[in-house]
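Good morning, and thank you for joining. I would like to present one structure today, beginning with the ligand and then turning to the protein chain. Please look at the model as I speak.

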Amino acid sequence: MKKKLIIVGGGAAGFFTAINVMMMNPDFEVIILEQGKEVLNKVKISGGGRCNVTNVCSEPEQLVKNYPRGNRELLGPFHRFNTQDTVEWFENQGVKLKTEADGRMFPVSDDSMDIVQCLIRLTKKYGIKVLTSTKVIGLHKSNSIWITKTNSQTFSSDFVMLASGSSKLVWDLLSSLGVGLVAPVPSLFTFHCKDTRFRDLPGISVDNVSLKIVGTEIKTTGPLLITHQGLSGPAVLKASAWGALNLAQLDYKFMIAIDWIPEIDEKAFTKMTIDHARKKILPRNPFIANRLWEQLISSIVHENLTYAEAGKKKLAQIFEALKNSTFSITGKSTFKEEFVTAGGVDLQEVDFKGFFLKKINSLYLAGEVLNIDGVTGGFNFQAAWTGSYLAAEHLAFRDS
Ligand SMILES: Cc1cc2nc3c(=O)[nH]c(=O)nc-3n(C[C@H](O)[C@H](O)[C@H](O)COP(=O)(O)OP(=O)(O)OC[C@H]3O[C@@H](n4cnc5c(N)ncnc54)[C@H](O)[C@@H]3O)c2cc1C
């Protein structure tokens with residue numbers, strides 16, 4: 001008799017588990033239950049419709065550094081299925097990926113539908129049943145059989161995979177089974193800032209800043225973008241991910257300090273002021289966009305002052321404004337390209353050999369349902385691919 005697997009959730013983790021189980025062991029009957037009218041919705045809209053499938057970084061020790069939650073637990077799994085395996089997997093199914101300068105990987109077509117169609121085609125090929133508009137509302141075990149109740153019918157199965165993303169209902173079901181959870185909070189968001197120094201600057205970006213959340217250990221580097229509402233870009237998104245828990249506790253009201261010229265030390269700055277001694281300090285500069293430069297230092301120097309005339313005190317003030325200017329953050333906004341939830345199933349509950357519960361080893365979990373999340377760059381999908389693949393492998397080769 002075929003073994004039966006019910007998968008809750010028709011997203012990246014649900015589809016990847018289903019397909020890989022069937023590829024490794026066709027002696028399974030697999031059913032995906034999806035509450036929505038459509039499957040793979042997030043894959044479709046991901047990466048601005050391009051789907052940032054994974055990242056070029058494949059060395060497990062480096063890869064885990066991109067996960068504010070889950071970095072310790074993912075190290076072993078990444079030795080078994082990492083970003084390179086993802087690239088090969090999709091290429092073997094006819095979807096070629098390309099790498100962008102910052103390491104993000106997308107389908108060469110720049111179309112997320114390539115990934116969606118590939119996954120749907122494979123579910124058909126392997127006879128996987130996909131039931132949409134089917135919401136799971138109850139889950140319990142009776143003897144050794146799982147009973148999954150939905151809005152329309154009840155299913156029995158040998159195994160259940162929860163690939164339900166950040167579903168409160170499923171977390172509540174898990175809680176009633178005695179599974180420990182970590183309260184969910186948003187990760188990957190942009191910062192609201194009304195500081196007058198950013199007035200009239202939306203659209204200006206700086207290639208590399210160093211950003212610190214004052215009063216914490218959180219420090220990130222990378223490009224920064226000034227927006228209508230405040231600040232965005234990789235340096236901000238990384239800070240939002242690493243600071244997800246602290247910043248929620250602060251109700252998203254906190255101070256940041258920005259070093260606008262992290263590659264320039266005092267010696268290099270002084271040399272510039274000597275090399276340009278006869279030049280006016282405003283409006284042009286060799287470091288950052290001139291308009292930002294003006295806004296940052298216009299309260300320190302007047303229009304016609306040259307570097308030679310400025311004197312040591314003013315030059316030190318300019319240097320301080322460039323290296324350590326503080327801004328008050330008053331809230332957050334959603335980052336449209338990608339947002340995720342930190343929190344979920346407590347990682348201590350999970351056996352990462354096969355992404356199943358230590359207490360109930362016929363219940364599997366992968367993707368965003370777990371308290372794992374990555375910074376932006378394809379790392380969130382990668383966590384889903386890795387967890388699903390290893391869960392599928394464990395399911396396919398288990399004895400009973
Ligand atoms: C706008 C946006 C863009 C993103 N872009 C990227 C990107 O480019 N790269 C990247 O790495 N990450 C990206 N992410 C994050 C990535 O989409 C998620 O990490 C990933 O989709 C998680 O996959 P999952 O299968 O665990 O969850 P989901 O994709 O959320 O799938 C869970 C599914 O379960 C279903 N479900 C929930 N509860 C029930 C229930 N009770 N019964 C039945 N079904 C249920 C849901 O309807 C959903 O379809 C993005 C996220 C967003 C929101």
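A polar contact, as I use the term, is a pair of N or O atoms within 3.5 Å; within protein, one must be able to donate a hydrogen and the other to accept it, and residues adjacent in sequence count only if both atoms are side-chain atoms. The model is predicted, so to speak of local features requires pLDDT of at least 70, and side-chain atom pairs count only at pLDDT 80 or more, while totals for chains, interfaces and linings use all residues. Residues are numbered from 1 along each chain as its sequence is written, and side-chain values use heavy atoms, with hydrogens and water left out.Let us begin with the ligand. A nitrogen atom of the ligand lies 3.1 Å from a polar backbone atom of glutamine 35, and a ligand nitrogen is likewise 3.1 Å from a polar backbone atom of glutamate 337. For glutamate 338 the partner is an N or O atom of the side chain, 3.2 Å from a ligand nitrogen. Of the 1000 Å² of accessible area that the ligand has on its own, the protein covers 94% (Shrake-Rupley method, 1.4 Å probe; for residues, only the protein chains shown count as cover).

Which residues are closest to the ligand? They are Glu34, Val136, Glu337, Glu368 and Phe381, among 33 that surround the ligand, each with a heavy atom within 4 Å of it. By class, this shell has 12 nonpolar, 14 polar and 7 charged residues; Ala, Val, Leu, Ile, Met, Phe, Trp, Tyr, Cys and Pro count as nonpolar, Asp, Glu, Lys and Arg as charged, and the others, Gly among them, as polar. Helix α2 gives the most to the shell, with 4 residues. Helices (H or I, at least four residues) and strands (E, at least two) are DSSP runs, numbered from the N terminus.

I turn now to the aromatic rings. Rings of Phe, Tyr and Trp (its six-membered ring) pair if their centres lie within 6.5 Å; planes under 30 degrees apart count as stacked, over 60 as edge-to-face and the rest as tilted. The count comes to 23 aromatic pairs. One of them, phenylalanine 90 with tryptophan 385, is edge-to-face, at 5.3 Å centre to centre and 70° between the planes. This pair links distant parts of the chain, 295 residues apart: phenylalanine 90 is in helix α5 (residues 83–92) and tryptophan 385 in helix α13.

Finally, two points on the backbone. The peptide bond from leucine 282 to proline 283 is cis, with omega near 5°, and proline 283 is found in the loop between α10 (266–275) and α11 (290–297). Leucine 40, although not a glycine, has a positive phi of about 55°.
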